[in-house]
Amino acid sequence: MSLLHIENLNVSLKIQNNDALILEQFSLRMAENERLGLVGESGSGKSTLALAIMGLLSNNMKLTADYMNLDGEDLMKMSLEDRRYYISTKASIIFQDPSASLNPCFKISEQINEILSLHEIRGKKLMHQKAIELLDAVAIRHPENVLKMFPYQLSGGMNQRVAIAISMIGNPKLLIADEPTTSLDVTIQAQILKLLFEQKQTSQMGIILITHDFPLLAENTDKIGVIYSGQMMEHASTQNILNHPHHPYSKALLDSIPQMGQRHNKGSRLYALSGQIPSLENIPVGCRLGPRCNKAVKLCVNPPLLKSIENHGKVRCHSPLYEKKEQ
Amino acid sequence: MFRIFIRQILNLTSSLLLLCFFTFVLCDYFFPNGLSFIVSSDPLRISESGFFSQSIHFFSRFFEYLNKLLTGQLGLSISRGNNISDEIINYLPASMELAIVTLVFSLSFGLWLGIIAAKHKNKWQDKLILSATLIGYSLPIFWWAMLLVLFFSLWLGVTPVASRIGFEYDIDVVTGFLLIDSLLSPRYALDAFVSVIQHMILPVIVLGTIPLAAITRVTRSSMIKTLGEDYINNAIVRGISDFSVTWKHALRNAFSPILTSLSLQISSIITGAIITESIFAWPGAGKWLLEAVYRRDFPVIHGGLLITASIVIFIYLALDYISMWLNPKLRDKSNL
Amino acid sequence: MSTSFYIQHQVPSVYLKWWIDFKKNKLALSALVIFIFILLVAIFANLIAPFDPTTQFENATHIPPTWYNNGDVRFLLGTDDLGRDLFSRLVYGARLSLSLASLVVIISSIIGITLGSLLAFSPSWIDIPTMRIMSFILSLPSLLLAIVIVAIIGPGLPNAIYAVMLVLIPHFLITTRSAIKIELKNEYVTAMYLDGANKFQLLKYSILPNIFPSIILQLVVAFSSAILEIAALGFLGLGAQAPYPEWGTILSESHDYLVFAPWSVAVPGLAIFFTILSINLVAEGLRDVMNVEKNS
């Protein structure tokens with residue numbers, strides 16, 4: 001059974017009486033215990049997807065979907081309160097900016113205790129003990145001291161550890177990490193990622209890692225979804241995407257990664273996709289990548305569909321890259 | 001905390017000294033005659049003998065003046081000959097009562113409306129509240145007061161036109177706050193209390209309209225900003241109830257701009273009190289001050305200005321403490 | 001990009017962009033139209049008003065507006081207790097209020113902005129005490145200050161204007177000074193300084209264009225508060241005196257006849273209300289367009 005199954009998710013934002021689609025016909029299937037990476041440029045709708053799954057869209061956005069199945073129950077069929085409660089027991093999210101993900105007005109201990117009490121852990125001693133266990137698990141060295149502090153007294157990395165610790169309360173089945181390391185120092189990034197996947201190992205949960213950093217996904221994920229301008233462009237296993245990217249956009253993303261040492265060809269220039277991601281007001285007709293794609297042909301003014309390709313995965317393109325060679 | 005306290009005391013003293021110096025220079029320059037009414041208990045004798053004249057050095061005059069103020073005396077009224085400190089004690093509670101009720105009214109409704117608007121951003125509720133606040137913000141309060149009197153008192157006859165309480169009630173002054181005093185005097189049971197409230201409704205609405213509009217707007221914009229923060233999203237996702245997210249997690253973080261606006265509204269309430277009291281014949285300090293202006297009773301104006309400004313200074317201090325209490329980061333910063 | 005057949009954007013100038021965005025806000029636009037209308041009425045008051053505002057028709061006192069049964073066609077909005085035409089008084093009152101408020105705002109803004117710029121560039125031993133005094137004055141209720149000033153120099157229209165002017169100056173001073181201080185921290189200002197610009201050049205080329213929005217906004221806000229404050233002083237009998245057709249004074253005259261001539265209260269108040277409302281709406285629109293934070 002799949003952990004998360006989304007079919008035909010549309011999220012639209014009202015801009016001056018026009019509905020602009022931030023996410024269009026978005027479908028996603030994720031197995032239990034899977035590590036899924038979602039990659040895309042800023043403004044591609046990655047974070048909106050995370051918010052949509054967690055039920056956090058602001059009220060000027062509209063969400064429609066055939067169904068959104070989270071651990072066996074369809075979120076679309078639930079009332080608002082039921083849905084909130086259900087999500088709180090099944091899923092958790094970690095945000096990009098660690099200093100903004102903890103409430104600046106309350107001590108760490110107060111914030112942990114509040115969530116603990118929601119999960120039926122009561123009693124001062126028990127709470128304290130549990131809180132220290134939680135902080136221990138995310139490798140915080142002096143948990144007693146940290147508990148007494150306010151978020152602003154901790155560094156970004158520490159804040160993110162605390163945020164991860166709080167997310168783990170209640171053992172969620174799904175953890176969404178929305179660029180969890182982007183605003184951290186490089187050395188801290190590796191630590192936090194390691195920590196995140198350690199947590200996954202111990203508590204058997206599925207994890208969605210959202211990032212714009214392809215190399216990060218290469219090592220850490222089972223499957224990768226490539227998102228562009230609100231659409232899933234390619235969804236396949238990590239190995240397949242890294243070795244044979246079928247979508248021109250995936251290839252462009254891979255080509256734009258700097259190669260170090262031996263793999264670097266002397267004198268070669270780093271590849272850069274021309275142009276920029278279209279704004280919501282002027283989304284191009286047909287394939288959304290059209291204006292930027294160097295393989296674009298006349299056919300591309302018709303919107304392509306997400307098609308399955310044998311031995312690979314799903315691709316949204318009229319002329320996928322490796323297909324012709326195989327024929 | 002101790003260092004903050006010391007610093008606040010220093011701040012307070014310097015503000016008060018500055019204020020006294022300011023009022024002294026005003027008096028000294030414009031009304032040297034009036035000054036002798038403030039400084040002496042027997043003004044006529046002094047101004048005749050020229051004891052407090054320009055021949056004495058400026059600073060020794062200033063210290064004489066300060067000395068007098070420190071004993072809690074503000075001199076005598078020129079037109080009535082009364083002791084000004086006693087007059088203030090007579091008139092101030094009425095104004096304070098009006099101001100406090102107005103503050104409670106505008107703050108509670110302002111927070112409530114602001115939060116409703118923020119939660120329904122860009123929906124009809126929000127638009128309705130926003131346009132209502134714009135209208136409230138633009139009302140000249142003297143006109144607004146007359147319209148309300150015309151409608152509710154003269155046409156509908158539901159509220160009284162003027163004064164603090166019906167003339168048939170004779171309440172002993174205990175605290176000066178009629179809301180409390182009327183309950184303390186057993187003679188009229190609840191009737192007197194009801195009468196006090198009836199008399200209070202219109203002045204409070206008139207005085208509270210602008211602060212209410214301002215607080216609603218600030219609450220709305222600050223709450224919209226805070227409700228979009230990640231920690232609020234986190235709180236929602238982790239299953240904390242809607243009420244607790246709004247009133248505990250979000251409002252506390254959104255509160256510091258509201259406090260800033262509140263401190264500005266204190267001035268607006270005092271300004272408005274002068275006008276409101278004169279329209280509703282409310283026997284408070286504002287009306288008393290305005291009458292002194294008509295009579296050009298300078299020692300009274302001086303006393304009124306001094307007291308009002310000191311009250312404002314103390315309120316600012318209190319607001320400082322509240323914002324420090326609400327925001328741990330600020331608490332720490334001022335420790336450095 | 002020469003071969004691209006996709007649409008190219010043309011970027012309008014800053015002021016044009018403000019105007020384009022402002023026009024989209026229908027409410028602010030209509031408020032602007034109303035305000036311009038009131039302004040035109042004020043300018044052409046002598047052409048619009050049928051009578052002189054001080055002419056008394058002795059046998060026509062307290063006549064209600066034309067649409068009442070006992071109204072008079074000559075007096076559109078009726079007459080007051082001395083038989084003066086209310087409509088003419090209001091029209092001339094618009095001229096008086098708006099011109100006085102403009103005068104007040106222009107003078108106090110010139111003084112306030114100049115002092116504020118000087119203060120921003122002066123050493124801290126001048127800056128800090130001055131700011132402390134200014135914020136202290138700002139914390140005092142404005143009308144109370146104006147009343148005290150009027151009490152010192154005596155009631156009357158010119159004195160009321162001086163008072164409102166004095167009250168408004170600290171607002172301009174503080175706005176300008178803090179806007180410049182914020183601006184000075186920006187790196188393009190540092191860059192210009194390193195390029196050898198002197199303080200005046202810094203102010204002219206790099207700071208003033210950037211603080212322009214907050215000054216404009218402050219001007220608009222000050223204009224509405226000047227109108228209100230002059231009217232309030234007039235209403236309290238400390239500003240414009242009896243024969244003047246000032247809006248606040250008209251209101252205070254009609255206060256006594258609230259019971260049997262309610263229109264004479266309703267109409268002048270409406271005039272003040274609509275003027276202030278339209279200015280506030282325009283300010284609101286400008287604030288959105290120019291991205292100025294409130295209470296910066």
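In this predicted model, 39 residues of chain C are in contact with 43 residues of chain B. The size of an interface is often given as the accessible area lost when the parts come together. For chains C and B, the area buried between them is about 3800 Å², and 80% of it lies on carbon and sulfur atoms. Three residues of chain C deserve attention here: Phe136(C), Leu144(C) and Ile152(C) together supply 16% of the area that chain C buries against chain B, more than any other three residues.

Charged and polar pairs are also found at this interface. The count of salt bridges between chain C and chain B is one. In that salt bridge, Arg217(B) is paired with Glu284(C), and their closest N and O atoms are 2.1 Å apart. Polar contacts between the two chains number 11 residue pairs, counted where both residues have a pLDDT of 80 or more.

Which elements of chain C give two or more residues to the side that touches chain B? They are the helices α5 (124-139), α6 (142-153), α9 (199-235), α10 (247-255) and α11 (263-290) of chain C. Among these, α11(C) gives the most, with 11 residues. Sorted by class, the side of chain C that touches chain B has 29 nonpolar residues, seven polar residues and three charged residues.

Attention now turns to chain A and its strands. Strand β1 (residues 2-15) of chain A is joined to strand β2 (residues 18-31) of chain A by 10 bridges, and the two strands run antiparallel. One pair within this arrangement can be located by name: Ile6(A) has Leu28(A) in β2(A) as its bridge partner. The two strands form a hairpin, with two residues between β1(A) and β2(A). In the turn, Gln16(A) has a positive phi of about 45 degrees.

With which further strands does β1(A) pair? One is strand β5 (residues 67-70) of chain A, which pairs with β1(A) in the antiparallel sense over four bridges. Here His5(A) stands opposite Asn69(A) in β5(A). Another is strand β4 (residues 61-64) of chain A, which is joined to β1(A) by four bridges and also runs antiparallel to β1(A). In this pairing, Ser12(A) has Lys62(A) in β4(A) as its bridge partner. The reader may thus follow β1(A) from its hairpin with β2(A) to its pairing with β5(A) and with β4(A).

Notes:
Residues numbered from 1 in each chain as written. Chains lettered and ligands numbered in written order. Predicted model: local features only at pLDDT ≥ 70, side-chain atom pairs only at ≥ 80, totals over all residues. Heavy atoms only, no water. Contact = heavy atoms within 4.5 Å. Buried area = accessible area lost by both parts, 1.4 Å probe. Salt bridge = Lys/Arg side-chain N within 4 Å of Asp/Glu carboxyl O. Polar contact = N/O pair within 3.5 Å; in protein donor to acceptor, adjacent residues only side chain to side chain. Nonpolar A, V, L, I, M, F, W, Y, C, P; charged D, E, K, R; others polar. Pairing = 2+ DSSP bridges.
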